[in-house]
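Here is a brief report on one protein chain. It moves from the overall fold to the cores, then to one helix and one loop residue.

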Amino acid sequence: MPKISIIVAVAKNNAIGKDNKLLWHLSEDLKRFKSLTSGHYIIMGKNTYFSLPRRPLPNRTHIILTDIPGEQIDDCMMAYSIEDAISKMNPEQENFIIGGASIYRQFLPLAHKLYITWVHESFDADTFFPELDDKIWQLVSEEHHPDPDENNPYPYTFAIYEQKL
């Protein structure tokens with residue numbers, strides 16, 4: 001089984017998006033995302049791919065999950081099931097699940113690690129991240145950023161969780 005990690009930014013009310021868009025812009029979160037995922041495989045649903053401001057993201061291998069047999073997207077690997085996506089992941093390094101909600105739900109039981117940016121604000125949303133079960137997930141590090149600034153308008157915390165064995 002390849003090493004599977006989830007990376008996501010989540011509001012206090014577990015919101016992650018609305019109308020296929022992010023709910024906030026945190027410059028430091030975007031930098032962290034780029035730093036962690038560069039050089040790696042990123043796995044996402046088709047809607048998430050089309051929501052990206054730049055496609056494909058540079059210096060990453062994209063695996064796009066779709067339920068349309070034979071569908072192709074330029075410069076991306078296509079997967080037609082969770083099992084197919086797993087079979088195409090890089091067995092030598094961390095593979096990042098980047099959304100959306102249904103993809104997160106399906107991969108959460110298979111993930112080894114979670115990189116969550118907790119945004120300390122609630123938002124009106126139509127897309128949510130599943131509740132974490134503390135019997136399964138153990139917090140291993142936190143980095144608090146309590147003071148908003150012009151590039152990061154909400155307080156946030158970078159957290160890393162690992163699956164308990």
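Among contacts in the protein chain between residues at least 6 apart in sequence, what percentage join residues at least 24 apart? The share is 65%, with contact meaning heavy atoms within 4.5 Å.

This is a predicted model: local features need pLDDT of at least 70, side-chain atom pairs count only at pLDDT 80 or more, and totals for chains, interfaces and linings use all residues. Residues are numbered from 1 along each chain as its sequence is written, and side-chain values use heavy atoms, with hydrogens and water left out.

**Overall fold**

The protein chain has 4 helices and 10 strands. Both are DSSP runs numbered from the N terminus: helices are H or I, at least four residues, and strands are E, at least two. Their order along the sequence is β-β-α-β-α-β-β-α-β-α-β-β-β-β. The radius of gyration, taken over C-alpha atoms, is compared with a globule rule of 2.2 Å times the number of residues to the power 0.38. The chain has 15 Å, which agrees with the value near 15 Å for a compact globule of 165 residues.

| Property of the protein chain | Value |
|---|---|
| C-alpha box along the principal axes | roughly 45 × 35 × 30 Å |
| Exposed area | about 8,900 Å² |
| Share of exposed area from carbon and sulfur atoms | 49% |
| Share of the 165 residues that count as buried | 48% |

Areas come from the Shrake-Rupley method with a 1.4 Å probe; for residues, only the protein chains shown count as cover. Buried means under 20% relative accessible area.

**Cores**

A nonpolar core is a set of buried Ala, Val, Leu, Ile, Met, Phe, Trp, Tyr and Cys residues joined through side-chain atoms within 4.5 Å. The largest has 28 residues, with I6, I43, I97, F107 and F129 making the most contacts inside it. Elements giving it two or more residues include β1, β3 (41-45) and α4 (101-107). Apart from it lies another core of 14 residues, among them I42, I64, Y115 and I160.

**Helix α1**

In α1 (residues 27-37), S27, D29, R32 and T37 are buried. Their cover includes β1, β3, β6 (95-99), β7 and β10. G39 follows the helix, with a positive phi near 85°.

**N14**

N14 sits in the loop between β1 (4-11) and β2 (15-17). Why does N14 count as buried? Its relative accessibility is 10%. Beyond neighbours within four places in sequence, N14 is in contact with W118, T127, F128, F129, P130 and E131. Its side chain makes a polar contact with the side chain of E131 at 3.4 Å. A polar contact is a pair of N or O atoms within 3.5 Å; within protein, one must be able to donate a hydrogen and the other to accept it, and residues adjacent in sequence count only if both atoms are side-chain atoms.

Note on methods
Buried < 20%, exposed > 50% of the residue type's maximum accessible area, 1.4 Å probe, protein only.
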